[in-house]
Amino acid sequence: MAEQEAAAVAWMDQALEAAREALERGEVPVGCLLVYEGQVLGRGGNEVNETKNATRHAEMVVIDQVLDWCKEHNRDYTEVFANSILYVTVEPCIMCAAAVRFMKIPRVVYGCRNERFGGCGSVLSISSDDLVNTGDPFECTSGYRAKEAVELLQAFYRQENPNAPKSKVRKKDHRK
């Protein structure tokens, strides 16, 4: 068990590095990787601001990379995903948890909880709820490098997001 624990920490370190790279690109710092038979097949961070596409979360980027890898290596993606572990710095949101379930990834290891959008128990339990035709539930393990994941998120939200839309709230005129 200690060996599995050490491996999870090492993989999460790589996910944190992907999150740092996302932060440097002006993205919400979430990093992710998918490990199959001890090999990283997909690694990435959020690309939402860069692509102006709200669905380009780290998990979706990695799923697309793995699908491309499967095509290039003539591998059955259903077998690959079914025997992989997804490591992500922040609890997958509801959309990403649903994608993980559809792809039949059996295990997700994540850092900190996502109290606003979490799909692995913080808001909804997409990972384990009885859903129609969405694949088997998947195991979630949290808390790996959670402190570092939170610190990266805090660093992002302390700065001004240059890609955020301008506020439409009118400032009150106090010159009465």
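1. Two strands are taken to pair if DSSP finds at least two bridges between them. In this predicted model, E3 and E4 meet that criterion, pairing in the parallel sense over five bridges, and within this pairing Val88 stands opposite Tyr110 in E4. Between the two strands the chain passes from E3 through H5 to E4, in a β-α-β crossover that is right-handed.

2. E3 also pairs with E1, here in the antiparallel sense and over five bridges, with Val35 standing opposite Ile85 in E3. Six of the seven residues of E3 are buried, so this strand is largely enclosed by the rest of the structure.

3. The largest nonpolar core has 37 residues, and those with the most contacts inside it are Leu34, Val66, Val80, Phe81, Leu86, Ile105 and Val108. The elements that give two or more residues to this core include the strands E1 (31-36), E3 (84-90) and E4 (107-112), as well as the helices H1 (2-24), H3 (58-72), H4 (77-82), H5 (94-102) and H6 (146-158). H3 gives the most to this core, with seven residues.

4. Phe81 deserves a separate look: leaving aside its neighbours within four places in sequence, Phe81 is in contact with Leu34, Ile63, Val66 and Leu67, and also with Met103, Lys104, Ile105 and Pro106. A second core, separate from the one described above, consists of nine residues, among them Ala8, Trp11, Ala15 and Tyr87.

Conventions. Residues numbered from 1 in each chain as written. Predicted model: local features only at pLDDT ≥ 70, side-chain atom pairs only at ≥ 80, totals over all residues. Heavy atoms only, no water. Core = buried A, V, L, I, M, F, W, Y, C linked by side-chain atoms within 4.5 Å. Buried < 20%, exposed > 50% of the residue type's maximum accessible area, 1.4 Å probe, protein only. Helix = DSSP H or I, 4+ residues; strand = E, 2+ residues; numbered from the N terminus. Contact = heavy atoms within 4.5 Å. Right-handed = clockwise from strand over helix to strand, strands pointing away.
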